[in-house]
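Here are my notes on the structure you sent, set out as numbered points. Please read them alongside the coordinates.

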Amino acid sequence: MTIQWFPGHMTRAKRQIQDKLKLIDVVLELIDARVPISSRNPMIDEIVGPKPRLILLNKSDLADPAQNARWLDWFRSFGHEVLAIDANTGTGTKDISGRVKVLLKEKIDRQIAKGMKPRPSRALIVGIPNVGKSTLINRLAGRTAAITGDRPGVTKGQQWIRTGADLELLDTPGILWPKFEDPEVGFRLAATGAIKEEILHVDEVACFILRWLAAEYRDTLTERYGLSDLPAELPDIASAAEVLEQIGRKRGCLAGGGHVDYTKAAGVLLRDLRSGKLGRITLEAPII
Ligand code: G4P
């Protein structure tokens, strides 16, 4: 699903999330491990405010394991609690409730000190479209999910999903918008499938990605497409287009007159990237 965001939409989305924040103890901020910054909402700190937050690097199965480790360190260096997960298979998701307990320790300890039995913590999942919010809700809910609606303070229609003894989730996630102003963010999000590639020129997206792959995943690129003489760097779109042309020829993406169909060649590259055929790839590096 691709959502067109306009200032009015953004204000409404922000207000909807802020309304839900009143009901919960902790925010689970879902981002894409392949593009951890590009898949983040630029106003997330302002939207969430002082509410405790656990950052989840989802789709970590598709991202470069070495880069996952770097990104985890990077987020921790800012004092964030963060986990790498794969909501599809559940890898890492069992650690979520433990991390939430760490984040809410003071609050839970206060309840115990008052002689109260700590109630399950309540969480809201937030993230941009396609980052895996529904997949994670389904994964955490599992088969034993008990829907526990009609609680005081719950907006009509919203329900809590039990995910175990210690954690309840609001069943509707908060949908955030990505940062649109930066064209590179758009290219990365289109490459991962977070935004529909028709919004951008698919061959331009492919050329952007090829420049990154040539620099960071040179051997993978050379081997996958049998490229010869791949330059150490692709300094501009024109040099990337030459590589895309080679890929198109190798893969038989031809238009009339023996010319390469760049759109088809771009489609091959982006499909290979998204399906993991190029291996585990991260498309941005932490800025240190
Ligand atoms: P959303 O609610 O945030 O919009 O996202 P949703 O759960 O619908 O997930 C979007 C796509 O991402 C789904 O693929 C889903 O299977 C996939 N996905 C979610 N989490 C993970 C993960 O940790 N690893 C991997 N590899 N994939 C994940 P889909 O239904 O096939 O949609 P699409 O890929 O065709 O867009």
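1. In this predicted model, Leu-56 has Leu-83 of strand 3 as its bridge partner, and the pairing to which the two strands belong, that of strand 2 (residues 53–58) with strand 3, is parallel and runs over four bridges. Between these strands the chain passes through helix 3 (residues 65–77), and the resulting β-α-β crossover is right-handed.

2. Strand 3 (residues 81–84) presents two unlike faces, since Val-82 and Ala-84 lie on a covered side while Glu-81 and Leu-83 lie on an uncovered one.

3. Strand 2, by contrast, is covered on both faces, with Arg-53, Ile-55 and Leu-57 buried on one side and Leu-54, Leu-56 and Asn-58 buried on the other. Because six of its six residues are buried, strand 2 is largely enclosed by the rest of the structure.

4. Strand 2 also pairs with strand 1 (residues 26–32), to which it runs parallel and is joined by six bridges; in this pairing Asp-32 has Asn-58 of strand 2 as its bridge partner.

5. Around the ligand there are 16 residues, of which Ala-87, Gly-132, Lys-133, Ser-134 and Thr-135 are the closest. Helix 6 (residues 133–141) gives the most to this shell, contributing three residues, and by class the shell holds four nonpolar, eight polar and four charged residues.

6. As for the overall layout, the domain assignment divides the protein chain into domain 1 (7–175) and domain 2 (201–275), and the C-alpha centres of domain 1 and domain 2 are 37 Å apart.

Notes. Residues are numbered from 1 along each chain as its sequence is written. This is a predicted model: local features need pLDDT of at least 70, side-chain atom pairs count only at pLDDT 80 or more; totals for chains, interfaces and linings use all residues. Domain bounds come from an automatic or database domain assignment. A residue is buried if 20 or more other C-beta atoms lie within 10 Å of its own, exposed if 12 or fewer, and partly exposed in between; C-beta atoms are placed from the backbone. Two strands pair if DSSP finds at least two bridges between them. A crossover is right-handed if, with the strands pointing away from the viewer, the path from the first strand over the helix to the second runs clockwise. A residue is near a molecule or strand if its C-beta atom, placed from the backbone, lies within 6 Å of it. Ala, Val, Leu, Ile, Met, Phe, Trp, Tyr, Cys and Pro count as nonpolar, Asp, Glu, Lys and Arg as charged, and the others, Gly among them, as polar.
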